[in-house]
Amino acid sequence: GSISLKWNRLVAHGHITLKSLPVDGQEVVKSIVLTADTDADMVGKHKVNFNTQEVEKVGSNATNSITINGTNLTIDASGNVTFWACFLPCTWNSISVSVETDKATYTLERDLVALNKTKTFAKNHYFCKKNRNIPIGR
């Protein structure tokens with residue numbers, strides 16, 4: 001016998017480019033930390049209802065921050081770095097981005113509500129299919 005299962009992506013994918021980082025061109029990315037507002041649970045233990053696809057937080061281990069290992073990331077001559085991130089569906093009303101290199105740490109913070117640029121990452125949604133920019137650079 002067999003059981004037929006239908007799997008959907010219950011995560012959001014972000015294809016993110018940080019532009020015009022003020023680097024000297026010789027810096028190596030070590031890590032990138034994305035921190036959204038406190039209500040945006042990006043990772044943590046959750047319970048999924050497969051009938052309704054609702055996601056419910058379990059316990060208090062959810063967090064609004066993720067760290068991307070930057071070992072294989074390069075900053076181009078224009079100060080741009082591109083990477084993918086995968087996290088729980090959430091809405092960003094504010095975002096803090098911290099890029100740690102071998103020489104310095106660069107931090108940018110933006111209130112996306114004030115800029116009228118809130119961003120919702122939905123399940124089964126690839127951010128790169130929509131050409132939207134979140135103004136987090138200079």
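Q: What makes the largest nonpolar core a core, and which residues have the most contacts inside it?
A: A nonpolar core is a set of buried Ala, Val, Leu, Ile, Met, Phe, Trp, Tyr and Cys residues joined through side-chain atoms within 4.5 Å. In this predicted model, the largest such set has 26 residues, and Leu 18, Ile 32, Leu 34 and Trp 92 have the most contacts inside it. Strand 1 (12-18), strand 2 (29-36), strand 5 (65-69), strand 6 (81-87), strand 7 (90-92) and strand 8 (94-101) each give two or more residues to this core. Strands here are DSSP runs (E, at least two residues), numbered from the N terminus.

Q: Why is the meeting of Glu 100 and Lys 30 called a salt bridge?
A: The term asks for a side-chain nitrogen of Lys or Arg within 4 Å of a carboxyl oxygen of Asp or Glu. Glu 100 and Lys 30 meet at 3.7 Å, N to O, so the pair fits that definition. Glu 100 lies in strand 8 and Lys 30 in strand 2, 70 residues apart. A search of the whole structure finds 1 salt bridge.

Q: Why is Glu 100 called partly exposed?
A: Buried means under 20% relative accessible area, exposed over 50%, and partly exposed in between (1.4 Å probe, protein chains only). Glu 100 has 31%, so it counts as partly exposed. Lys 30, with 46%, is partly exposed too.

Q: How do you know which element has the lowest mean confidence?
A: Look at pLDDT, the predictor's confidence in each residue, from 0 to 100. Strand 11 (residues 125-126) has the lowest mean, 44, and strand 5 the highest, 93. The protein averages 77.

Definitions and conventions. Residues are numbered from 1 along each chain as its sequence is written. This is a predicted model: local features need pLDDT of at least 70, side-chain atom pairs count only at pLDDT 80 or more; totals for chains, interfaces and linings use all residues. Side-chain values use heavy atoms; hydrogens and water are left out. Helices (H or I, at least four residues) and strands (E, at least two) are DSSP runs, numbered from the N terminus.
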